[in-house]
Amino acid sequence: MSGDYEVRRVDGTYAIFHGDEQIGKSCAPLDYMLDRAWALNRKAERARRPKNRACLTCGETFLSEGPHNRMCKSCRAKGDDLVPHGPALSCRGPTRVPA
Ligand SMILES: [Zn+2]
């Protein structure tokens, strides 16, 4: 499945459509709109395609369903106490160790 996004002419300008849904209107040149539609299609296609990734939790390689899917099946089955966005992985900087 490809070509989900396409550029159509609407009221004298060009707009990007996703199926029959218009997702924005612009007076930008056609070249620019075609580039944008191409980028959107590429992104959608990448997101759909299953891909081998390393599990965030155990490092095991597994077939990911997309960007939202970063843990292998067995780690996900272990439950929500292994949420990767927990405080242990905070980006606030080094944890201060009490002396
Ligand atoms: Zn895992």
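How many bridges join E2 to E3, and do these strands run parallel or antiparallel? In this predicted model, E2 and E3 are joined by four bridges and run antiparallel. One of the pairings between these strands can be picked out by eye, since Phe17 stands opposite Gln22 in E3.

It helps to set that pair of strands within the whole chain. The protein chain contains two helices and five strands, and when it is read along the sequence these elements follow the pattern β-β-β-α-β-β-α. Of its 99 residues, 7% count as buried. Among the contacts with a separation of 6 or more, 21% are accounted for by residues that lie 24 or more positions apart.

The sheet to follow here is an open one, formed by three strands in the order E1-E2-E3 with antiparallel pairing. Its edges are occupied by E1 and by strand E3 (21-26), and because each of these has a single partner strand, one side of each is left without a neighbour in the sheet. From one strand to the next, the twist averages 30°. As a general point, strands of a sheet pair through backbone hydrogen bonds, either parallel or antiparallel. Edge strand E3 can also be considered by burial: of its six residues, the number buried is zero, so E3 lies largely in the open.

On the other side of E2, strand E1 (residues 5-10) is joined to strand E2 (residues 13-18) by six bridges, and these two strands likewise run antiparallel. Within this pairing, Arg9 has Tyr14 in E2 as its bridge partner.

The turns deserve a closer look. The hairpin of E1 and E2 has two residues between the strands, and Asp11 is found in this loop. Phi of Asp11 is near 50°, which is a positive value in a residue other than glycine; by way of background, most residues other than glycine have a negative phi. Asp11 has 7 other C-beta atoms within 10 Å and is therefore exposed, the cut-off for that class being 12 or fewer. The hairpin formed by E2 and E3 also has two residues between its strands, and in its turn Gly19 has a positive phi of about 65°.

How, then, is helix H1 placed relative to the sheet? Helix H1 lies across E1, E2 and E3, and runs at about 150° to E1. Two residues of this helix, Asn41 and Ala47, show how parts of the chain that are separated in sequence come together in space.

Asn41 lies in helix H1, which spans residues 30-48. Asn41 and Glu6 are 35 residues apart in sequence, yet their C-alpha atoms are 8.6 Å apart in space. Because Asn41 has 16 C-beta neighbours inside 10 Å, it counts as partly exposed, falling between the limit of 12 or fewer for exposed residues and that of 20 or more for buried ones.

Ala47 also has its place in helix H1. With 12 C-beta neighbours inside 10 Å, Ala47 counts as exposed, because the exposed class takes in residues with 12 or fewer. Leaving aside its neighbours within four places in sequence, Ala47 is in contact with Gly66 and Pro67. Of these two, Pro67 is 20 residues from Ala47 in sequence and 6.5 Å from it in space, C-alpha to C-alpha.

Notes
Residues numbered from 1 in each chain as written. Predicted model: local features only at pLDDT ≥ 70, side-chain atom pairs only at ≥ 80, totals over all residues. Pairing = 2+ DSSP bridges. Contact = placed C-beta atoms within 7 Å. Axes fitted to C-alpha atoms, helices over the stretch in contact; angles between N-to-C directions.
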